[in-house]
Amino acid sequence: MTTPAGDLTARAPSRLNGAVLLTADPAVAAAALADGHLAAVPTETVYGLGARADLPHAVARVYAAKGRPADHPLIVHVRDAQAAWSWASHVPMWAHALAEAFWPGPLTLVLPRSARAGDFITGGQDTVALRVSAHPGFGQVLDQLATLLDDPSVGVAAPSANRFGRVSPTTAQHVVDELTEALGPHDVILEGGPSRVGVESTIVDCTGPAPVILRPGHVSAEQVEQVTGAATGEHSTVRAPGTLASHYAPRAAVSLISAEALDDLQPQDARTGLLALASIATPPGIVRLAAPENADDYARDLYSALREADALELSRVVAIPPSPAGIGAAVIDRLERAATR
Ligand code: TXA
Ligand code: MG
């Protein structure tokens with residue numbers, strides 16, 4: 001199936017395989033969630049597969065649909081910072097400052113949990129991950145869910161809407177391709193356009209004396225240090241099992257190379273795809289998967305390009321990474337994990 005960037009549901013909502021409903025109406029997704037069903041939702045980072053964070057049986061279905069181990073905790077998505085704090089038992093001043101600076105946005109804060117965050121969300125840990133997404137469609141889902149349940153701090157637990165260990169989805173079509181089989185007749189996929197950022201949120205552990213970046217993203221370590229006035233720490237006692245060495249992997253074997261090494265690619269590498277900044281030319285016989293102008297575009301195009309490699313049945317993808325400044329660090333992180341077997 002191809003991956004159109006446009007709106008899949010501009011015309012009418014449609015049932016896929018006679019089952020999952022694809023819709024562009026946030027109210028439909030909110031109603032499904034309220035009833036304990038699943039809704040794949042757009043965020044500015046990647047699409048998530050959501051369930052009400054207060055319903056163990058709904059959350060269990062998220063794990064089942066993804067094929068994800070039960071001890072891998074989920075991020076709870078809420079409408080605003082005030083709602084977030086009801087899920088946490090203690091919030092340091094500098095975590096308030098991070099929320100103020102970057103929410104709504106591509107930032108997740110790990111905090112000591114309140115009684116609201118059950119073991120079935122946190123993987124049994126005493127911490128909870130919280131995020132306020134900037135995607136307006138998901139914002140409407142949360143607003144309407146809050147109204148339906150008469151709970152302004154309602155949470156939606158949502159991991160990235162991909163099978164465990166695979167590439168995260170950045171379009172509704174990616175979710176359709178990957179999860180239709182795993183979803184049921186009452187579940188919903190909400191179309192919200194291509195994800196603007198393209199790689200998962202920055203995760204900051206806020207349980208120690210200083211912020212620790214558990215996963216790099218669009219919000220950079222420099223920005224976190226600037227806002228908190230603290231140097232980011234190296235060591236965290238928090239376990240973030242999803243940040244495994246091998247992750248975000250397509251079927252094709254991924255390797256990182258330098259621009260100089262590109263000249264040495266052999267003709268037998270015909271089934272090879274290339275990811276590199278537009279300033280780097282494509283050698284003959286190599287399939288160009290993406291030619292982003294800068295690191296932001298690299299992040300936005302990365303996962304579509306890795307999916308394209310599989311669609312083209314390439315055996316190998318070589319990537320020339322961007323420089324590590326800003327979101328470049330997150331792109332390099334994801335490429336390295338995609339390259340780890
Ligand atoms: O951009 C994103 O963060 C996307 C969108 C959908 O919000 N979500 C996402 O979720 O990437 P997921 O589940 O694919 O990755 C969440 C990561 C995992 O590595 C998990 O281990 C970590 O967050 N995590 C969740 N709760 C945690 C906690 N209490 N302590 C430490 N790490 C946690
Ligand atoms: Mg994920």
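In this predicted model, a polar atom in the side chain of Ser-201 comes to 2.5 Å from an oxygen atom of ligand 1. Two arginines do something along those lines. Arg-131 has a polar side-chain atom 2.7 Å from an oxygen atom of the ligand, and for Arg-215 an N or O atom of the side chain is 2.7 Å from a ligand oxygen. The protein wraps up a good deal of ligand 1: on its own the ligand exposes 680 Å², and 98% of that is buried by the protein.

Next come the neighbours. Around ligand 1 there are 26 residues, and the ones that come nearest are Thr-45, His-77, Arg-131, Ser-201 and Arg-215. Sorted by class, this shell holds 12 nonpolar residues, nine polar ones and five charged ones. Strands S5 and S7 each put at least two residues into the shell. S7 has the largest share there, with four residues.

So much for the ligand; where does ligand 1 sit? Its place is the largest cavity. The count of cavities of 30 Å³ or more comes to two, and the largest one holds about 520 Å³ of space. A total of 39 residues line this largest cavity, and Arg-68, Pro-73, Ile-75, Ile-203 and Arg-215 are the closest to its centre. Arg-215 thus turns up again, having already appeared among the residues that come nearest to ligand 1.

Which elements give two or more residues to the lining of the largest cavity? They are strand S5 (75-77), helix H5 (119-122), strand S7 (127-131) and strand S11 (212-215). S7 gives the most, with four residues. As for the kinds of residue in that lining, 17 are nonpolar, 16 are polar and six are charged.

Two spots in the backbone also deserve a look. Most peptide bonds are trans, and most residues other than glycine have a negative phi. Against that background, the peptide bond from Trp-103 to Pro-104 is cis, with omega near -5°. Pro-104 belongs to the loop between helix H4 (93-102) and strand S6 (107-112). The other spot is Asp-150, which is not a glycine but has a positive phi of about 50°. Asp-150 is also found in a loop, this one between helix H6 (136-149) and strand S8 (156-157).

Definitions and conventions
Residues are numbered from 1 along each chain as its sequence is written. Chains are lettered from A and ligands numbered from 1 in the order in which they are written. This is a predicted model: local features need pLDDT of at least 70, side-chain atom pairs count only at pLDDT 80 or more; totals for chains, interfaces and linings use all residues. Side-chain values use heavy atoms; hydrogens and water are left out. On a 1 Å grid over the protein atoms alone, a cavity is a set of points where a 1.4 Å probe fits but cannot get out, and a pocket is an open set with protein on both sides within 12 Å along at least five of seven lines; lining residues have an atom within 4 Å of a point. Grid points are joined across faces, edges and corners, and a volume is the space filled by probe spheres set on the points. Ala, Val, Leu, Ile, Met, Phe, Trp, Tyr, Cys and Pro count as nonpolar, Asp, Glu, Lys and Arg as charged, and the others, Gly among them, as polar. A residue is near a molecule or strand if one of its heavy atoms lies within 4 Å of it. A polar contact is a pair of N or O atoms within 3.5 Å; within protein, one must be able to donate a hydrogen and the other to accept it, and residues adjacent in sequence count only if both atoms are side-chain atoms. Accessible areas come from the Shrake-Rupley method with a 1.4 Å probe; for residues, only the protein chains shown count as cover. A molecule sits in a cavity or pocket if more than half of its atoms lie within 2 Å of its grid points.
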